[in-house]
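Student: I have a model open and would like to know how its descriptions are justified. Can we go through them one at a time?

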Amino acid sequence: CATCHKAGGSTYGAEVGPNLQTVISRSPEDLLGHIIEPNREIAPQYINYSVAMKDGRVLTGMIASESSNAIVLKRAEGVMETVPRSQIEEVRSTGQSLMPEGLENGLKPQDFADLILFIKQIGSR
């Protein structure tokens, strides 16, 4: 989770997705649903974009900022990349979250219970 999320005032983690403290009031069922299906409901600021470059490369990330000269993409671990508009062929929303699907693969029910308990306790630290 820390690849893209901070937990409350912790200095650990990256500020890519929402701070986990902002979701502590959600029910365990809702939290589990968002973990298993990260694309079911996405706030606009967390939508992933695909940027086709004139040299054939394709970059992806959330649009952190943009100007008439460049787009700044934000990716996992808070990695930022400034892309000059003069090198962009096309910018397209993927309609998906930067949070990948399949995070539940390899996890046991107890792992999910521990994760949800961790999230719910963030506000009490």
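Tutor: Yes. Keep in mind that this is a predicted model. It has an open sheet of 5 strands in the order β4-β3-β2-β1-β5, with antiparallel pairing.

Student: What makes β4 and β5 the edge strands?

Tutor: Strands β4 (80-84) and β5 (88-97) each pair on one side only. The twist averages 45° from one strand to the next.

Student: How do you know that β3 and β4 pair?

Tutor: Two strands pair if there are at least two bridges between them. Strand β3, residues 70-74, is joined to β4 by 5 bridges, so the pair meets that cut-off. The two strands run antiparallel, and L73 stands opposite E81 in β4.

Student: What holds paired strands together in general?

Tutor: Strands of a sheet pair through backbone hydrogen bonds.

Student: Now the largest pocket. Which residues are the closest to its centre?

Tutor: The largest pocket has a volume of about 730 Å³. It is lined by 29 residues, and H5, P18, H34, S97 and M99 are the closest to its centre.

Student: Which elements give two or more residues to the lining?

Tutor: Those elements are α1 (28-36) and α2 (109-120). Helix α1 gives the most, with 3 residues.

Student: Why are P18 and M99 called nonpolar?

Tutor: Pro and Met count as nonpolar, so P18 and M99 belong to that class. By class, the lining has 20 nonpolar, 7 polar and 2 charged residues.

Note on methods
Residues are numbered from 1 along each chain as its sequence is written. This is a predicted model: local features need pLDDT of at least 70, side-chain atom pairs count only at pLDDT 80 or more; totals for chains, interfaces and linings use all residues. Side-chain values use heavy atoms; hydrogens and water are left out. Helices (H or I, at least four residues) and strands (E, at least two) are DSSP runs, numbered from the N terminus. Axes are lines fitted to C-alpha atoms, for helices over the stretch in contact, and angles run from 0 to 180 degrees between N-to-C directions. On a 1 Å grid over the protein atoms alone, a cavity is a set of points where a 1.4 Å probe fits but cannot get out, and a pocket is an open set with protein on both sides within 12 Å along at least five of seven lines; lining residues have an atom within 4 Å of a point. Grid points are joined across faces, edges and corners, and a volume is the space filled by probe spheres set on the points.
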